[in-house]
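Me: Could you take a close look at the sheet in this structure for me? I'd like to know how the strands are paired and what packs around them.

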Amino acid sequence: MTDTTAAPATDVCRPARLADLAVIEDVDKAVFTDKPYPYFVIRQLFDVHGAHCVVAEEDGEVRGYALVAVVPAESTAWLLSLAVLPGSRRRGFGRALMDRALAICDEARVDRMRITVRPTNDVAYRLYKDSGFDWVRTEDTYFGVGEARDVLEKQFRR
Ligand SMILES: CC(C)(COP(=O)(O)OP(=O)(O)OC[C@H]1O[C@@H](n2cnc3c(N)ncnc32)[C@H](O)[C@@H]1OP(=O)(O)O)[C@@H](O)C(=O)NCCC(=O)NCCS
């Protein structure tokens, strides 16, 4: 039986492949129940940003994923998605994915990374603060009426 309480192995992340997209869709549905990315959006995001899409995997099963979009003209990267399956949380997958996202920023030599987060999402907020992100602004209708998001940013010194 799989031990779901132990910490994951050090390097649990690998680049996502086309064959992972259906599972990423499942993760998104399980995590963002009210607003998952539909498959066609995941596919097109993958076509554009696939080199910066990472999955966390254990025992051959995807436990979560992160998607980074790099905007070289603005020397900025956005963490568009970070999700870990409910049954695999609090075991370091989220932090491992965040570390990989930060490594992508390093490789791309961007000056900053931005994230949007629901103001009430204390769990994600804690991980982001811990990873060096600071609040920049709140947009009350970022994703439409009643869907406020905080924009957080981390500056890199190069
Ligand atoms: C946010 C999320 C990715 C964290 O994934 P995770 O695998 O549980 O995270 P980790 O085990 O690596 O924990 C990393 C840090 O997050 C914070 N954290 C995670 N779960 C927490 C909880 N239940 N309560 C408080 N802090 C928590 C802690 O700071 C933790 O560090 P610590 O273990 O040193 O205390 C996961 O909870 C998730 O998918 N949530 C729903 C989707 C979401 O909110 N995504 C981000 C915004 S779009």
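Reply: Strand 6 and strand 7 run antiparallel and are joined by 5 bridges. Within this pairing, Trp135 has Leu152 of strand 7 as its bridge partner. On to the next pairing of strand 7 (residues 149-155): strand 5 (residues 112-117) is joined to strand 7 by 6 bridges, and these two also run antiparallel. Here the bridge partner of Arg114 is Glu153 in strand 7.

Now for the sheet as a whole, keeping in mind that this is a predicted model. The sheet is open and has 7 strands, in the order 1-2-3-4-5-7-6, with mixed pairing. Strand 1 (13-15) and strand 6 (134-139) are the edge strands; each has a single partner strand, so one side of each is left without a neighbour in the sheet. From one strand to the next, the twist averages 30°.

Elsewhere in the sheet, strand 3 (residues 61-71) and strand 4 form an antiparallel pair with 8 bridges. One residue pair to look for is Ala69 and its bridge partner Trp78, which sits in strand 4. Helix 2 packs on the sheet, where it touches strand 2 (53-58) and strand 3, and the direction of helix 2 makes about 60° with that of strand 3.

What does helix 2 (residues 39-49) pack with besides the sheet? Helix 1 (residues 21-31) packs with helix 2 at an angle of about 125°, and their axes are 10 Å apart. The two helices are therefore oblique to each other. The crossing in which helix 1 passes helix 2 is right-handed. On the helix 1 side of the contact you will find Leu21, Ile24 and Glu25, and they meet Tyr39, Ile42, Arg43 and Phe46 of helix 2. By residue type, this contact divides into 5 nonpolar and 2 charged residues, with no polar ones.

Finally, strand 4 leads us to the ligand. How many residues surround the ligand? There are 18, and the closest are Arg89, Gly94, Arg95, Ala124 and Leu127. Strand 4 (76-84), helix 3 (93-108) and helix 4 (122-130) are the elements that give two or more residues to this shell. Helix 4 provides the largest share, 5 residues. As for character, the shell around the ligand is made up of 9 nonpolar, 3 polar and 6 charged residues. If you have the model open, strand 4 is a handy place to tie things together: strand 4 pairs with strand 3 in the antiparallel sense, and strand 4 also gives residues to the shell around the ligand.

Key
Residues numbered from 1 in each chain as written. Predicted model: local features only at pLDDT ≥ 70, side-chain atom pairs only at ≥ 80, totals over all residues. Near = placed C-beta within 6 Å. Helix = DSSP H or I, 4+ residues; strand = E, 2+ residues; numbered from the N terminus. Nonpolar A, V, L, I, M, F, W, Y, C, P; charged D, E, K, R; others polar. Axes fitted to C-alpha atoms, helices over the stretch in contact; angles between N-to-C directions. Parallel < 35°, antiparallel > 145°, perpendicular 65-115°, else oblique. Left-handed = near helix turned anticlockwise from the far one by under 90°. Contact = placed C-beta atoms within 7 Å. Pairing = 2+ DSSP bridges.
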